[in-house]
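Please consider the following structure with its sequence at hand. The paragraphs after it are intended for a reader who meets it without prior acquaintance.

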Amino acid sequence: MEELYAIILFLFVLFLLLGTGVWVGLALLGVAWVGMELFTTRPVGDTMLTTIWSSSSSWTLTALPLFIWMGEILYRTRLSEDMFRGLSPWMAGLPGGLVHTNIVGCTVFAAVSGSSAATLTTVGKMSIPELRKRSYPEPMVIGTLAGAATLGLMIPPSLTLIVYGVTINESITKLFFAGILPGLVLASMFMAYVAIYSRVSSTWQPNPEPAMSFGEKLNNSRFLIPVILLITVVIGSMYLGYATATEAAAFGVIGGLLLAAGQGSLNWNTFSESLMGATRTSAMIALILAGAAFLSLSMGFTGLPRALADLIAQWELSRFELLMVLLVFYIILGCFLDGISSVVLTMAVVEPMIRQAGIDLIWFGIFIVVVVEMAQITPPIGFNLFVLQGMTGHEMGFIARAAIPMFLIMVLMVFVLIAFPELATWLPDNLRAGPG
Amino acid sequence: MTILKGLRSVLDGLYFGAGVLAAMCLIAILGLIIVQMLARWTGEVFPGAPEYAGYFMASASFLAFAHALNRGAHIRVSILLNAVRPGVKRVIETWCFAVATALGWYFVYYAWRFVKFSYDFGDISQGQDKMLLWIPQSGMLIGATILAIALTDQLIHVLSTGDHRIKTDSVGLGE
């Protein structure tokens, strides 16, 4: 009974600290401290330091700042303009027209950046005004952008997947490759929706695009080619086993700098801004990870993960039922927490359940990313919604409604992933063994 | 007042300076990884490179904590804060900074013990680098101390003026 009170107190402190707005990393640290004090007789402070030092000075973590930096560099180049100009001639002929530039643009930028907000702003900066000029229906323009930008979290490099990999000690390279096919499938599902909508809807009357010859099209997209090349090098070097995730990230930074220099947009200002931006974002995630490392140790002592795993085992849930429970759980959690925080906060409890149910942890990484991606576009605190609000000046309700079809497509994606787990597991199973 | 103003600029300089130092650690990580790759391709070995990169990673994170705090980069759940009246908000902000400051100094105290322990016993890394561990661990201690100072600074500001000094610039790119 005393045990139960302690667990209730522990959870109460968790909700209190997070809910009142204590910074997530510090809140996790505080909760962990309470848990240790309640459930162990160990010297809490010293244990905290040993745990946090070993997690903060881990070599796998170094992929994180470098991938963030690569995205920051490209974010500050002229990529936005080039993206729209380069992609639109190829999309004009498709049913759904230039709305596809949103989706394809996000997919391409997702492959150089692990962040969904950066993906959203880079693509949206240019495509929103251009699409409006051509009188595409506004909800479509905004909805597809909100939805497709979440691909930034799924297509490698993905910050969420790095954090997931570090938290459960799985290969980041494998996770990256697990994300590729599901990311592309999701992008195609968005595109299919746009195509169908454009044929069915009566309000779909965008201005026609002037015809372009193949040569002109190619000429317009010549600036995109270096970016595609960079993506190929970064992802290819990992796939062929020439480089670890961290080394591929280093290629990405160097490549990004060369690309920016070639474009003439590299100067002291953009360089230092990208570097300082990367430093801050990576510190933000590092603080959460430090708190989470201590919390997951503390969670272990509370017996909560074990008890929950046993409970789930007692219920004799099938794998499918367990996944449905987790789906609902993460969607609710995602209404209050950002993706990375949701992942680190829950993995200590969820990991034993998943292992017990015999679910592949690489596959589950992709599952969890799709699910926390959804949270990016659900109110009250969907992060992409905020960014879009700032960019378009629309009300939150309008943007959230525009994003609902994308949300439903992502739910559908979860079922596709469950029905065809090979989408996530085939590529990582066929990776060439890399260095270390 | 001039003393206070002087203190203000010294503190702001400290936070920003630590942030710049953290940025240099990132460049060092990049450099180490490139050198290690070059070494591997040419058949050489660069013993301890992963450990060195890890040390720089820890320093980069901890040294940037205060700077990230002041620029609003650290994530928090702000639903409640945005929903309440200004008077209540002030109370909640005070609570948040008080909790954070307490945790900050608690961490610094044990980090100090941790580093002192490594120093007194001359702890050496288990990896190929054979590094005296207190040296890289000091980066963590210094960064944590600067964070605790920054949190205290903010707490005092909330108590005296009712609001913090965190300036969030444009869009955070964390997510």
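The text below turns to the interface of the chains, then to salt bridges, and then to individual residues.

This is a predicted model, in which local features need pLDDT of at least 70 and side-chain atom pairs count only at pLDDT 80 or more, whereas totals for chains, interfaces and linings use all residues. Residues are numbered from 1 along each chain as its sequence is written, chains are lettered from A and ligands numbered from 1 in the order in which they are written, and side-chain values use heavy atoms, with hydrogens and water left out.

The interface of chain B and chain A is the natural place to begin. In this interface, 61 residues of chain B are in contact with 69 residues of chain A, contact meaning heavy atoms within 4.5 Å. The size of an interface is often given as the accessible area lost when the parts come together. Here chain B and chain A bury about 5,600 Å² between them, and 78% of that area is on carbon and sulfur atoms; buried area is the accessible area, taken with a 1.4 Å probe, that two parts lose on being put together, summed over both.

Polar and charged pairs also occur across this interface. The rule finds two salt bridges between chain B and chain A, a salt bridge being a side-chain nitrogen of Lys or Arg within 4 Å of a carboxyl oxygen of Asp or Glu. Arg40(B) forms a salt bridge with Glu247(A), with 2.8 Å between the closest N and O atoms. In addition, nine residue pairs across the interface are in polar contact, both residues being at pLDDT 80 or more. A polar contact is a pair of N or O atoms within 3.5 Å; within protein, one must be able to donate a hydrogen and the other to accept it, and residues adjacent in sequence count only if both atoms are side-chain atoms.

Which helices of chain B each supply at least two residues of the side that touches chain A? They are helix 1 (2-41), helix 2 (49-70), helix 3 (79-83), helix 4 (86-121) and helix 5 (134-161). Helices (H or I, at least four residues) are DSSP runs numbered from the N terminus, as are strands (E, at least two). Helix 1 of chain B gives the largest share of this side, 15 residues. By class, the side of chain B that touches chain A has 46 nonpolar, nine polar and six charged residues. In this grouping Ala, Val, Leu, Ile, Met, Phe, Trp, Tyr, Cys and Pro count as nonpolar, Asp, Glu, Lys and Arg as charged, and the others, Gly among them, as polar.

Over all chains, the count of salt bridges comes to 15. One of chain A's pairs joins Arg85(A) to Asp82(A), the closest N and O atoms being 3.5 Å apart. Both residues lie in helix 5 (residues 79-91) of chain A, three residues apart, about one turn of the helix. Arg85(A) is partly exposed at 39% relative accessibility, while Asp82(A) is buried at 1%; buried means under 20% relative accessible area, exposed over 50% and partly exposed in between, with a 1.4 Å probe and protein chains only. Arg134(A) forms a salt bridge with Glu130(A), with closest N and O atoms 2.8 Å apart. Arg134(A) is buried, with a relative accessible area of 18%, and Glu130(A) is buried as well, at 15%. In chain B, a network of salt bridges links Arg8(B), Asp12(B), Asp153(B) and Arg165(B).

Asn70(B) belongs to helix 2 of chain B and is buried, with a relative accessible area of 13%. The side chain of Asn70(B) makes a polar contact with that of Gln154(B), at 2.7 Å. Beyond its neighbours within four places in sequence, Asn70(B) is in contact with residues including Tyr15(B), Ala150(B) and Arg165(B).

The backbone also deserves attention. Most residues other than glycine have a negative phi, and most peptide bonds are trans. The peptide bond from Pro156(A) to Pro157(A), however, is cis, with omega near -10°. Pro157(A) is placed in the loop between helix 8 (138-149) and helix 9 (159-168) of chain A. Asn169(A) has a positive phi, near 65°, and is exposed, with a relative accessible area of 70%. Lys130(B), in the loop between helix 4 and helix 5 of chain B, likewise has a positive phi, near 50°.
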